[in-house]
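Q: Please take a close look at one part of this model and describe what surrounds it. I would like one connected account rather than a list.

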Amino acid sequence: MKHFTRITFLILLLIPMLTVAQQNEEKQVKKTFDDYKSAILNDKGEEAVEQVDTKTIAYYGSILEKVKTADSLQVDKSSLMDKLIILIIRHRISKEEIMTTNGKQLLVTAIKMGMVGKSSVMNNEVGAVKVNGNFASGELLVRGQKTPLAFEFHKESGVWKLDLTALFPAGEAAFRQMVKQSGEPENEYLLSLIEMTSGKEPGADVWVPTQR
């Protein structure tokens with residue numbers, strides 16, 4: 001009986017400690033997003049990139065490789081968002097910079113050039129957070145309203161990092177709907193969008209590998 005009482009006491013003692021630890025993890029997850037959002041809104045690309053995970057950096061590394069080596073057929077077969085990013089980079093970033101940068105620095109450059117715009121975070125917040133080991137998800141709130149989407153985070157070296165790629169599928173679907181509603185062929189729409197945002201008409205070289 002005494003043994004049972006001790007176990008019960010320990011359980012009751014541990015529950016508040018575990019709850020506090022869980023709440024602390026949730027706060028850290030939200031802080032990661034808040035720090036990322038603040039950096040984006042204040043044009044601090046280097047600080048924003050410090051909040052994202054290795055999966056995100058690897059994605060931009062793979063994009064950089066396509067920028068260097070993918071021919072027009074390979075680019076055209078890419079997802080809509082990948083295609084747009086590849087074309088924009090070839091259009092707006094010099095060959096010298098492309099050939100000497102890496103995935104992390106490419107993301108910094110993209111943020112500084114407005115390719116990762118302030119509108120992507122301005123009205124967004126993280127709502128309820130669920131933590132499961134080194135993975136966490138936080139519901140996406142837009143202007144304080146719940147959405148069916150969620151941010152994802154990974155704990156790397158004891159620090160929570162934001163996975164930007166988690167929302168790419170939803171972004172791809174929304175982007176495809178925009179293209180459809182425009183009534184334009186996909187590539188024409190993308191080139192028009194690039195010209196509108198850069199103020200310069202893209203040349204045929206955006207379809208050509210940078211590394212030649």
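A: What follows looks at helix α5 and then at its surroundings. The model is predicted.

Helix α5 covers residues 80-92. Its 13 residues should span 18 Å at 1.5 Å a residue, and the end C-alpha atoms are 18 Å apart, which agrees with that expectation. Of these 13 residues, 11 are buried, so α5 is largely enclosed by the rest of the structure. The cut-off for buried is under 20% relative accessible area. The buried residues run from L80 through D82, K83, L84, I85, I86, L87, I88, I89 and R90 to H91. Charged residues are present in this set, including D82, K83 and R90.

What encloses α5? Its buried residues pack against six helices: α3, α4 (72-76), α6 (95-100), α7 (103-112), α8 and α9 (186-198).

One of these neighbours, α3, occupies residues 54-69. The helix has 16 residues and reaches 22 Å from its first C-alpha to its last, close to the 22 Å expected at 1.5 Å a residue. Its buried residues are T56, Y59, Y60, I63, L64, V67 and K68. They pack against α5, α6, α7 and α8, and also against the strand β4 (159-163).

Y59 of α3 has a relative accessible area of 13%, which means that Y59 is buried. The structure holds four aromatic pairs. In one of them, Y59 meets F168 edge-to-face, with 4.9 Å from centre to centre and 70 degrees between the planes. This pair joins distant parts of the chain, since Y59 lies in α3 and F168 in α8 (residues 168-182), 109 residues apart. Y60 belongs with Y59 and F168 to one aromatic cluster.

Helix α5 also takes part in the lining of the largest pocket. About 1300 Å³ of space lies in that pocket. It is lined by 38 residues, and those closest to its centre are M81, M115, V116, G117 and S120. M81 falls within the residue range of α5, but M81 is not among the buried residues of that helix. At least two lining residues come from each of α1 (2-41), α5, β2 (135-142), β3 (145-156), β4, α8 and α9. Helix α8 gives the most, with six residues. By class, the lining has 26 nonpolar, eight polar and four charged residues.

Taken together, α8 and α9 each pack against the buried residues of α5 and each supply residues to the pocket lining, as does α5 itself.

How values were computed. Residues are numbered from 1 along each chain as its sequence is written. This is a predicted model: local features need pLDDT of at least 70, side-chain atom pairs count only at pLDDT 80 or more; totals for chains, interfaces and linings use all residues. Side-chain values use heavy atoms; hydrogens and water are left out. Rings of Phe, Tyr and Trp (its six-membered ring) pair if their centres lie within 6.5 Å; planes under 30 degrees apart count as stacked, over 60 as edge-to-face and the rest as tilted. Helices (H or I, at least four residues) and strands (E, at least two) are DSSP runs, numbered from the N terminus. Buried means under 20% relative accessible area, exposed over 50%, partly exposed in between (1.4 Å probe, protein chains only). The expected span of a helix is 1.5 Å times one less than its number of residues. Contact means heavy atoms within 4.5 Å. On a 1 Å grid over the protein atoms alone, a cavity is a set of points where a 1.4 Å probe fits but cannot get out, and a pocket is an open set with protein on both sides within 12 Å along at least five of seven lines; lining residues have an atom within 4 Å of a point. Grid points are joined across faces, edges and corners, and a volume is the space filled by probe spheres set on the points.
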